[in-house]
Amino acid sequence: MDSLTSLTSFVRTAETLSFVQAARLLGISASAVGKNVARLEQKLGVRLFNRSTRSVSLTAEGAVLLVRCQQILEQLQDAEAELTRHIALPSGKLRVSLPVTGYRLLLPLLPSFTLRYPDIELELDFSDRLVNIIDEGFDVAIRSGEIADSRLTSKTLGSFRFVLCASPAYLLEYGSPASPEDLNNHKCILYRFPSTGLLQPWELQGADGVSNFTPVSVLTANNIEAVIRMSSAGMGISYVPDFVVREALEKGDLRDVLPGACVRQGQFSALWATRRHLSPRIRCFIDFMSENGLLKS
C-alpha cells in the first residue's frame, strides 16, 4: 500500500509539476507528497525530479516511469469503477465549475439529479474567470467557446443564440431601431469578458452582410447579470445569450429588438481531464446533463 501511495504522489506531481497542486488533488499536505516521492526515489535508487526553488521538472528516468505508472493507476481505477458500478450508486464529492449565469442552466435540473444520485455531494463554483480545471482540482467544468487545453475532453451539452433586447419603457421613449445601423443612435450596454478584458462583439446581419458591429457604449459591465438588470431598467439595448433573458422576454420585462439580426450562435460543453478512466460520479453527471438538455426550453 505504501508503494501505491508513493506512485500516486509521483504521478500527480509529474502531471502538475507542482508538489502543492498534487497535494491539493490528493487531499494531503505538500510535505506528505514530497516525502512519498522521496521514499519512491530512495527505493528505486534514481532521482525522478529536478527540483529548484522555483520549478519542478521530470528527469529522464522520471519520464519513463510516469508512462508506466499512469497505465498502472488507470488499470486500478478501471477495476475500482467496474466494482463500484456493480455494488453501489455513484458517490462522493463532485466539484463543478460554471459561469456566473450557470445557475440558470443547472438549477432547474438539480432536484432531479440529486434525487437520482443522492450519494453525490455537489460543490458548485460559479465564476466567469478562466479556471484551470486540472490544477484547481475541478472534476467537471461547464463552459462556452473553444477548448484550447489538449489535456481536456469535452462533450457538447446544448447550443444557444444571441439576441438584442431592451425594456418596453426604453423603446417607448427612444423608439425601436429599424436596422443595425440605427443602433448608432441608441444607448447600448456592452459586456466585457472578465477573463480577457475584451468587449463582446455584436455580430449582426445588416444590409452589407454580417459584420461585427461596435456600438457607441453608454455602459459597460463584466457581469452578464448586471447587463440584464440595466437593460431591464430601461438604460439601453443589450446583446446577450437568449437563455439568460428567456424568462424576462416571456414576462414582457424585455422585448426582442431587431429579430433575426443576430447571427451568432454558441454552445456549452462539459469539460474534464482526459484519461481513459472516468469515475462513475463524473460520468453520471455528464450523461444526465446531456440527456436532460442543459439548454432545453
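Buried means under 20% relative accessible area. I keep that cut-off at the top of the page because several entries below lean on it. The model I am reading is a predicted one.

**Entry 1: Leu-183**

I started with Leu-183, which sits in the loop between helix H7 (168-174) and strand S7 (188-191). Its relative accessibility is 0%, so Leu-183 counts as buried. Which residues does Leu-183 contact, leaving aside its neighbours within four places in sequence? I found Leu-164, Pro-177, Cys-188, Trp-202, Leu-204, Phe-213, Ile-237 and Leu-258. I also looked up Thr-214: it is 31 residues from Leu-183 along the chain, and their C-alpha atoms are separated by 9.4 Å.

**Entry 2: two leucines with positive phi**

Leu-258, one of the contacts of Leu-183, deserved its own look. It lies in the loop between strand S12 (255-257) and S13. Its phi is positive, about 50°, although Leu-258 is not a glycine. With 12% relative accessibility, Leu-258 counts as buried.

Leu-17 also caught my eye, with a positive phi near 55° in a residue other than glycine. I located Leu-17 in the loop between helix H1 (2-16) and H2. Is Leu-17 buried or partly exposed? Its relative accessible area is 42%, so Leu-17 is partly exposed.

**Entry 3: H2 against H3**

From Leu-17 I went on to the helix pair. Helix H2 (residues 19-26) packs with helix H3 (residues 30-44) at an angle of about 105°, and their axes are 8 Å apart. That angle makes H2 roughly perpendicular to H3. On the H2 side I listed Phe-19, Val-20, Ala-22, Ala-23 and Leu-26; they meet Ala-30, Val-33, Gly-34 and Val-37 in H3. Sorted by class, the contact of H2 with H3 has eight nonpolar residues, one polar and no charged ones.

**Entry 4: aromatic rings**

Next I turned to the rings. How many aromatic pairs does a search of the whole structure find? The search gives 13. I picked out Phe-160 with Phe-268, a tilted pair at 5.2 Å centre to centre and 40° between the planes. This pair links distant parts of the chain: Phe-160 belongs to strand S6 (residues 152-166) and Phe-268 to strand S13 (residues 265-273), 108 residues apart. Phe-160 is buried, and so is Phe-268.

I then followed the ring pairs outward. They join Phe-160, Phe-162, Trp-202, Tyr-239, Phe-243 and Phe-268 into a cluster. Trp-202 was already in my notes as a contact of Leu-183. In a separate look-up, I noted Arg-95 over the face of Phe-138, at 4.3 Å from the ring centre.

**Entry 5: two threonines in loops**

Thr-101 came next, in the loop between strand S3 (92-98) and helix H5 (102-106). At 7% relative accessibility, Thr-101 counts as buried. Apart from its neighbours within four places in sequence, Thr-101 is in contact with Ile-224, Glu-225, Phe-243 and Val-244. Phe-243 brings me back to the ring cluster.

I closed with Thr-274, found in the loop between S13 and helix H10 (280-292). Its relative accessible area is 45%, so Thr-274 is partly exposed. How far apart in space are Thr-274 and Ile-134, C-alpha to C-alpha? I have 9.7 Å for them, with their positions 140 residues apart in sequence.

Key. Residues are numbered from 1 along each chain as its sequence is written. This is a predicted model: local features need pLDDT of at least 70, side-chain atom pairs count only at pLDDT 80 or more; totals for chains, interfaces and linings use all residues. Side-chain values use heavy atoms; hydrogens and water are left out. Rings of Phe, Tyr and Trp (its six-membered ring) pair if their centres lie within 6.5 Å; planes under 30 degrees apart count as stacked, over 60 as edge-to-face and the rest as tilted. Helices (H or I, at least four residues) and strands (E, at least two) are DSSP runs, numbered from the N terminus. Buried means under 20% relative accessible area, exposed over 50%, partly exposed in between (1.4 Å probe, protein chains only). A charge sits over a ring if NZ of Lys or CZ of Arg is within 6 Å of the ring centre and within 35 degrees of the ring normal. Axes are lines fitted to C-alpha atoms, for helices over the stretch in contact, and angles run from 0 to 180 degrees between N-to-C directions. Angles under 35 degrees count as roughly parallel, over 145 as roughly antiparallel, 65 to 115 as roughly perpendicular and the rest as oblique. Contact means heavy atoms within 4.5 Å. Ala, Val, Leu, Ile, Met, Phe, Trp, Tyr, Cys and Pro count as nonpolar, Asp, Glu, Lys and Arg as charged, and the others, Gly among them, as polar.
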